[in-house]
Amino acid sequence: TAAVRASGLGKHYGSGDARVTALAGVDVRFMRQEFTAIMGPSGSGKSTLMHCVAGLDKADEGSVWIGDTEVTGLSDNALTDLRRDRVGFVFQAFNLLPTLTALENILLPFDLAGRKPDKEVLDRIITTVNLKDRLSHRPSQLSGGQQQRVACARALVTQPDVVFADEPTGALDSTASAELLQFLRQSVDDLGQTVVMVTHEPSAAAFADRVLFLKDGALVDEILAPTADSVL
Ligand code: ADP
Ligand code: ADP
């Protein structure tokens with residue numbers, strides 16, 4: 001079944017001569033336990049697609065479902081609740097709170113939602129993310145790769161319907177990138193997570209189950225079982 005689906009998504013900026021079509025009627029499904037990479041040239045609509053599907057931004061046309069909830073049409077408050085409870089985000093900049101320890105950062109979504117973590121899930125995520133001896137460190141005491149793994153663990157810990165990652169390896173060296181991507185891969189394979197990642201790096205896209213290519217706001221190609229060479 002689809003964790004997330006969108007149909008006929010259209011998004012435009014500006015008006016008159018300055019009107020830009022960022023999304024030109026996109027139909028897409030992200031299936032449960034599937035790792036999708038989205039690639040395409042700069043300005044092709046990758047960020048806009050991800051933000052509209054994730055409920056960070058509103059499309060002008062079309063509809064989005066997260067699970068069986070239709071996102072389009074929700075009030076701003078309902079949308080905020082849905083994002084908090086059912087969607088995880090990872091951004092290029094790690095966005096950790098500097099005064100909190102790694103573990104406190106990971107548990108932050110529960111403070112915000114007033115829920116309690118599932119102990120078994122938390123243990124599995126902490127084991128998978130390979131941060132056991134760093135949990136009481138603050139972000140400034142962690143490498144970039146460790147900080148981004150903390151950010152990923154935080155995105156996963158509520159077991160959201162889907163995790164969206166926008167250039168998650170953009171600020172990491174190749175070793176840290178590989179570790180992060182391995183963690184995302186394991187979160188799909190071992191924890192049953194659904195992951196959607198925007199990237200311009202073929203070596204990152206190769207960790208995904210499939211790669212979707214955007215051009216001028218439209219999906220123009222799909223590669224299954226990608227390799228770094230096949231998506232170049
Ligand atoms: P990508 O993530 O692939 O680089 P974007 O989704 O950021 O592409 O942008 C798609 C198109 O929409 C581009 O032409 C971009 O200039 C335009 N665009 C994006 N955001 C805005 C905005 N806030 N105002 C005006 N134009 C925008
Ligand atoms: P780009 O992908 O074009 O390089 P950024 O990744 O810097 O741009 O940010 C794109 C948009 O993502 C921002 O306009 C903002 O709305 C959203 N964004 C970035 N970080 C966060 C965050 N931590 N929480 C919510 N929205 C964010």
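Student: Let's start with helix α3, residues 102–113; which of its residues are buried?
Tutor: Happy to begin there, and do keep in mind that this is a predicted model. Buried here means under 20% relative accessible area. In α3, the residues that meet this cut-off are A102, N105, I106, L108, P109 and F110.

Student: Which elements do the buried residues of α3 pack against?
Tutor: Take the buried set we just named, which includes I106 and F110. Those side of the helix contacts lead to two other helices: the buried residues of α3 pack against α4 and α5.

Student: Which residue follows α3, and what is its phi?
Tutor: Helix α3 covers residues 102–113. The residue that follows α3 is a glycine with a positive phi: G114, near 65°.

Student: How confident is the predictor in this protein, as an average pLDDT?
Tutor: A good thing to check. The model scores ipTM 0.70 and pTM 0.88. For the residues, 100% score at least 70, and the protein averages a pLDDT of 94.

Student: Now to ligand 1; which element gives the most residues to the shell around it?
Tutor: The shell around ligand 1 includes Y13, V20, A22 and P41, and then S42, G43, S44, G45, K46, S47 and T48. By class, this shell has 4 nonpolar, 6 polar and 1 charged residues. With 3 residues, the element that gives the most is α1.

Student: What is the distance from a polar side-chain atom of K46 to an oxygen atom of ligand 1?
Tutor: Let's take the backbone first: an N or O atom of G43 lies 2.8 Å from an oxygen atom of ligand 1, and a polar backbone atom of G45 is 3.0 Å from an oxygen atom of the ligand. K46 uses its side chain, and the distance from its polar atom to an oxygen atom of ligand 1 is 2.8 Å.

Student: What share of the accessible area of ligand 1 does the protein cover?
Tutor: Alongside the polar contact from the K46 side chain at 2.8 Å, we can look at area. On its own, ligand 1 has 560 Å² of accessible area, and the share covered by the protein is 58%.

Student: Why is α1 described as largely enclosed by the rest of the structure?
Tutor: We can go through the helix residue by residue. K46, T48, L49, M50, C52 and V53 are buried in α1. The helix counts as largely enclosed because its buried residues number 6 of the 8.

Student: Which residues surround ligand 2, and which of them places a polar side-chain atom 3.5 Å from an oxygen atom of the ligand?
Tutor: The residues around ligand 2 are S47, H51, F91, N95 and D166. An N or O atom in the side chain of S47 is 3.2 Å from an oxygen atom of ligand 2, and a polar side-chain atom of H51 also lies 3.2 Å from a ligand oxygen. The residue with the 3.5 Å distance is D166.

Student: How much of ligand 2 does the protein bury?
Tutor: Among its polar contacts is the one from the side chain of D166, at 3.5 Å. Taken alone, ligand 2 exposes 560 Å², and the part of that buried by the protein is 36%.

Student: Is R149 buried or exposed?
Tutor: R149 lies in helix α5, residues 144–156. Beyond its sequence neighbours up to four places away, R149 touches V129, N130, L131, E179, L180 and F183. Its relative accessibility is 6%, so R149 counts as buried.

Student: N130 is one of the residues that R149 touches; is N130 buried or exposed?
Tutor: N130 sits in the loop between α4 and α5. N130 has a positive phi of about 60° although it is not a glycine. Most residues other than glycine have a negative phi. With a relative accessible area of 57%, N130 is exposed.

Student: And E167, is that residue buried or exposed?
Tutor: E167 is in the loop between β7 and α6, and its phi is positive too, near 50°. At 12% relative accessibility, E167 counts as buried.

Conventions
Residues numbered from 1 in each chain as written. Chains lettered and ligands numbered in written order. Predicted model: local features only at pLDDT ≥ 70, side-chain atom pairs only at ≥ 80, totals over all residues. Heavy atoms only, no water. Near = heavy atom within 4 Å. Polar contact = N/O pair within 3.5 Å; in protein donor to acceptor, adjacent residues only side chain to side chain. Areas by Shrake-Rupley, 256 points an atom, 1.4 Å probe, with all protein chains shown as cover. pLDDT = per-residue confidence, 0-100. Helix = DSSP H or I, 4+ residues; strand = E, 2+ residues; numbered from the N terminus. Nonpolar A, V, L, I, M, F, W, Y, C, P; charged D, E, K, R; others polar. Buried < 20%, exposed > 50% of the residue type's maximum accessible area, 1.4 Å probe, protein only. Contact = heavy atoms within 4.5 Å.
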